[in-house]
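Q: I would like a close look at a single part of this model, set within the rest of the protein.

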Amino acid sequence: MIAETVCSAVSAAGLGIAAVTAYRKRFLSAARIAAYSLVPVGLVMTGVVGWAADTAFSPTAWAGFVVLGGAWLLFTSTRAVERRRGGTRKERRAARASAQPDAVAPTASAPSLGPAVRPATRPAAAPRAQSGDDFSDIEAILKKHGI
């Protein structure tokens with residue numbers, strides 16, 4: 001009973017503020033204030049306020065909220081641990097199965113970490129430009145990119 005009275009008083013005060021705001025020629029703000037002030041009366045009329053009052057004073061309802069909080073805590077902690085480990089059990093098993101003993105590049109024919117092999121022939125070095133033409137390399141790069 002007291003909750004309905006308080007909600008009605010809040011709505012009446014809000015509608016009064018909306019009227020003063022409309023008197024000051026701020027109609028958009030007045031309409032918004034009126035909309036917000038009608039919410040408490042609407043909640044009382046639908047019965048939400050009565051349900052909330054019954055729930056607030058019910059130990060069974062509070063125990064239910066505690067159980068829901070514990071379930072949420074368990075869910076978030078298991079998700080955090082799963083992210084830290086790197087996925088689900090199925091994903092970890094697939095990653096372990098795909099791991100190979102030799103480090104091989106995808107297109108290589110021999111292991112990448114094997115002995116270094118030098119190519120038999122080296123390409124001939126391009127002749128150096130004249131000392132007066134220091135920016136020829138830069139000009140070639142710019143021409144290549146169309147600049």
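In which helix does threonine 55 lie, and what can be said about its surroundings?

A: In this predicted model, threonine 55 belongs to helix α3. Threonine 55 has a relative accessibility of 13% and is therefore classed as buried, since that class takes in residues under 20%. Once the neighbours within four places in sequence are set aside, the contacts of threonine 55 are with Ala61, Trp62 and Phe65. For the setting of that buried position, it may help to know that 9% of the protein's 147 residues count as buried.

The helix that holds threonine 55 also takes part in a surface feature. A nonpolar patch on the surface is formed by Val39, Leu43, Val48 and Trp51, which together have about 380 Å² of accessible area. Helix α3, spanning residues 48-56, supplies at least two residues of this patch, and helix α2, spanning residues 27-46, likewise supplies at least two. One member, valine 39, sits in helix α2, and because its relative accessibility is 44%, between the limits of 20% and 50%, valine 39 is counted as partly exposed.

Two other places in the chain can be set beside this region. Alanine 9, in helix α1, which covers residues 2-23, has a relative accessibility of 46% and so is also counted as partly exposed. The C-alpha atom of alanine 9 is separated by 9.8 Å from that of serine 37, although their positions lie 28 residues apart along the chain. Elsewhere on the surface, Arg89, Lys90, Arg93 and Arg96 gather into a patch of positive charge. Lysine 90 of that patch is found in helix α5, residues 89-98, and it counts as exposed because its relative accessibility of 69% is over 50%.

As for the protein as a whole, its secondary structure consists of six helices and zero strands, so that the pattern read along the sequence is α-α-α-α-α-α. Of the contacts between residues at least 6 apart in sequence, 28% join residues at least 24 apart. The accessible surface of the protein comes to about 13,100 Å², and 65% of it belongs to carbon and sulfur atoms. To return to the part you asked about, helix α3 thus holds the buried threonine 55 and also contributes at least two residues to the nonpolar patch on the surface.

Conventions
Residues numbered from 1 in each chain as written. Predicted model: local features only at pLDDT ≥ 70, side-chain atom pairs only at ≥ 80, totals over all residues. Heavy atoms only, no water. Patch = residues over 30% accessible without salt bridge, like charges linked within 9 Å, V, L, I, M, F, W, Y side chains within 5 Å. Areas by Shrake-Rupley, 256 points an atom, 1.4 Å probe, with all protein chains shown as cover. Salt bridge = Lys/Arg side-chain N within 4 Å of Asp/Glu carboxyl O. Helix = DSSP H or I, 4+ residues; strand = E, 2+ residues; numbered from the N terminus. Buried < 20%, exposed > 50% of the residue type's maximum accessible area, 1.4 Å probe, protein only. Contact = heavy atoms within 4.5 Å. Lys, Arg positive; Asp, Glu negative; His and termini not counted. Charge placed at Lys NZ, Arg CZ, Asp CG, Glu CD.
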